[in-house]
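Please open the structure in a viewer and follow the stops below in order. Each stop names a selection and then describes what is found there.

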Amino acid sequence: MSEFETSYPNAEIKHKSQAPDVLQNGSVSVETDLLIIGAGPAGAALACFLAQNGLKGIMVASTPSTADTPRAHITNMAALECLRDIGLEEACLKVAVPGESMQHTRWCRSMAGEEFARIYSWGNDPHRAGDYDAASPCDHCDIPQTVLEPILVQHATHSAFSCRFETTFLAFEREPSGTIISKVQDNLTKHIYQIRSKYLFGCDGARSQVLRQLQIPLIRKPGQGLAINLLVKVDLKHIVENRRGNLHWVMRPDEESPVFGWSCIVRMVKPWNEWMFILFPAPGAGTEFNPTAEEYLSCAKTIVGDETLPVEILGVSKWLINEIVAEYYSDGNIFCLGDAVHRHPPLNGLGSNTCIQDAYNLAWKIAYVMKGKASPSLLDSYSLERQPVGASIITRANQGLRDHVPVWEALGMMDPSLEVRKKDFGQLSEATPQGVARRAKLHAAIKGTAHEFHGVGVEMNQRYISEAVYLIDEQPRPPLPVDPVLEHEITTFPGSRLPHAWLNTKLPGKQLSTIDLAGHGSFCVLTGVGGEKWKAAAGKAGSALDIEIRAYSIGWNQDYEDVYFDWAERREIDEAGCVLVRPDRFVAWRSNNMVCDPEAKLLHVLRTILGR
């Protein structure tokens with residue numbers, strides 16, 4: 001048996017000698033347990049979370065560096081909670097644009113011109129502040145992908161993951177033993193070599209070669225056309241002083257616009273001198289556009305609306321508005337995640353956030369299996385839990401774009417005739433029944449976009465159903481809130497996100513959240529007054545299964561005080577009951593009260609979840 005085969009329990013990169021093997025044909029073979037293809041939000045986050053669990057591996061990317069364009073940017077509470085678990089929340093917040101700079105989304109004629117409407121966004125609505133505070137200890141922030149990726153890659157490489165840029169994944173083969181042989185090419189030397197691994201992770205984006213070779217079917221819905229990104233340098237600090245927000249819809253219903261720039265979302269990249277102008281062609285205009293640099297610049301200057309300001313276009317890129325999700329996310333010991341398996345527009349800001357959460361869900365399971373603490377069957381739960389999330393977010397993101405159609409209609413944007421558009425837009429200023437109706441229509445349409453800008457429910461309401469969630473003791477699950485996009489369901493029902501509640505000690509110190517007690521690569525038991533036996537049971541079950549189980553009691557004179565009584569209202573169990581939380585901070589199981597033999601019960605539940 002080779003050293004590679006026997007190294008499995010140690011979860012380390014292994015080489016048979018100090019140098020990589022040289023095969024008979026002269027090519028090099030490198031060995032590692034874990035090979036990640038792609039160093040974007042999904043791949044780099046996965047490397048970070050695997051490293052948190054003491055694992056090492058290799059991450060390769062065909063690109064020359066981390067992202068060179070600020071594609072994703074909204075970082076939501078759910079993703080920040082994952083990064084908080086590995087100590088990266090503070091690093092992210094240091095470089096992020098704070099939430100107050102994301103105060104509004106606006107509709108206007110130009111950045112410097114008249115404003116048609118605005119709506120609070122990303123938790124800044126005073127009427128929704130309590131909903132966001134109740135959902136998480138984290139707040140939304142704006143971190144361009146160009147800034148987030150280096151943080152993740154640096155953390156991964158400082159935690160024993162090797163990262164190789166300019167390295168293209170070509171194909172893989174599986175040996176009968178299960179070992180995966182991946183063929184990769186060094187883009188600088190054109191040298192092709194092999195990497196042998198126990199697991200392969202396809203985090204290689206919307207054109208994923210890993211997914212393509214696995215021939216995983218894609219569920220496709222009709223796309224919504226083309227979008228064109230213009231990365232623009234222009235100083236708008238004096239303009240946004242009274243127009244604070246990171247998203248601005250620009251449209252001119254009563255003017256002619258270039259067909260490739262029928263409407264535009266102006267997105268802040270760096271306050272307040274770097275922007276992404278996302279151009280949407282006119283409905284039905286197709287996807288074949290090749291404007292000149294002069295046409296792009298003229299369009300950008302019109303969007304700015306102030307001819308005195310110098311405008312520079314830093315880059316141009318195009319993308320298709322997709323609604324695609326993979327039917328399943330894994331095949332044996334090969335797993336796909338991120339944009340490889342869910343592709344959609346950036347509405348609701350769900351893209352990179354979902355990539356990070358895919359990785360957080362998978363990493364602890366890989367670690368438990370590699371360390372012999374769980375059966376490989378645990379890995380089946382990854383696709384079962386995350387594919388429904390992917391299906392829901394691609395639908396929501398595309399619906400977010402469709403939700404803007406009533407706004408366009410109310411502003412008079414939709415008719416191809418300029419004269420008709422002038423007439424419809426002019427009604428907004430009229431003291432006539434038609435004017436009253438059109439203003440009411442605009443008001444209702446703007447309110448309808450709240451599902452994009454205050455979708456705390458779609459961000460936090462994931463429900464996992466798999467063998468890694470113990471449901472035998474439960475009644476049928478209650479339905480989600482009436483509006484599951486806007487409203488977050490706070491519950492300890494197994495398969496749900498652990499509720500957040502602020503805690504402190506009897507002699508008050510720095511407050512912490514219930515979620516801070518969980519995670520850290522370990523299971524966690526939360527109980528209360530009268531639940532001492534659960535804590536003892538956790539210790540014994542952990543010893544029996546050779547896993548770490550952290551156990552805490554919350555309540556009067558317990559390990560932590562429920563200072564605002566939020567945990568008492570959200571735990572949905574009696575004080576002497578317990579909540580078992582997985583390493584990814586999702587509820588695995590709960591007991592409403594103390595049972596006759598808590599050790600036996602907890603051990604049975606854990607064995608079931610871990611497949612042991």
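Select P41, A42, A45, L46, F49 and L50 in helix α2; their contacts in helix α10 are S352, C355, I356, A359, Y360, L362, A363 and I366. By class, this contact comprises 13 nonpolar residues, 1 polar residue and no charged residues. The model being viewed is predicted. Now display both helices in full, residues 41-52 for α2 and residues 351-370 for α10: their axes come within 8 Å and cross at roughly 35°. The crossing of α2 and α10 is right-handed.

Turn next to the sheet. Its 7 strands form an open arrangement with mixed pairing, in the order β7-β6-β16-β17-β18-β15-β19. Select β7 (115-120) and β19 (312-320), which stand at the edges; each has a single partner strand, so one side of each is left without a neighbour in the sheet. From one strand to the next, the twist averages 20°.

Remain at β7 and add β6 (residues 104-108): the two strands pair in the antiparallel sense over 5 bridges. To inspect one of these positions, select T105, whose bridge partner in β7 is I119.

The final stop is the second largest pocket, which holds about 310 Å³ of space. Select Q224, G225, P281, P283 and W408, the closest to the pocket centre of the 19 residues that line it. Then add helices α11 (380-402) and α12 (405-410), each of which supplies at least two residues of the lining. Coloured by class, the lining of this pocket shows 12 nonpolar, 6 polar and 1 charged residues.

Technical notes: Residues numbered from 1 in each chain as written. Predicted model: local features only at pLDDT ≥ 70, side-chain atom pairs only at ≥ 80, totals over all residues. Heavy atoms only, no water. Pairing = 2+ DSSP bridges. Helix = DSSP H or I, 4+ residues; strand = E, 2+ residues; numbered from the N terminus. Axes fitted to C-alpha atoms, helices over the stretch in contact; angles between N-to-C directions. Left-handed = near helix turned anticlockwise from the far one by under 90°. Contact = heavy atoms within 4.5 Å. Nonpolar A, V, L, I, M, F, W, Y, C, P; charged D, E, K, R; others polar. 1 Å grid on protein atoms, 1.4 Å probe; cavity = no way out; pocket = protein on both sides within 12 Å on 5 of 7 lines; lining within 4 Å. Points joined across faces, edges and corners; volume = space filled by probe spheres on them.
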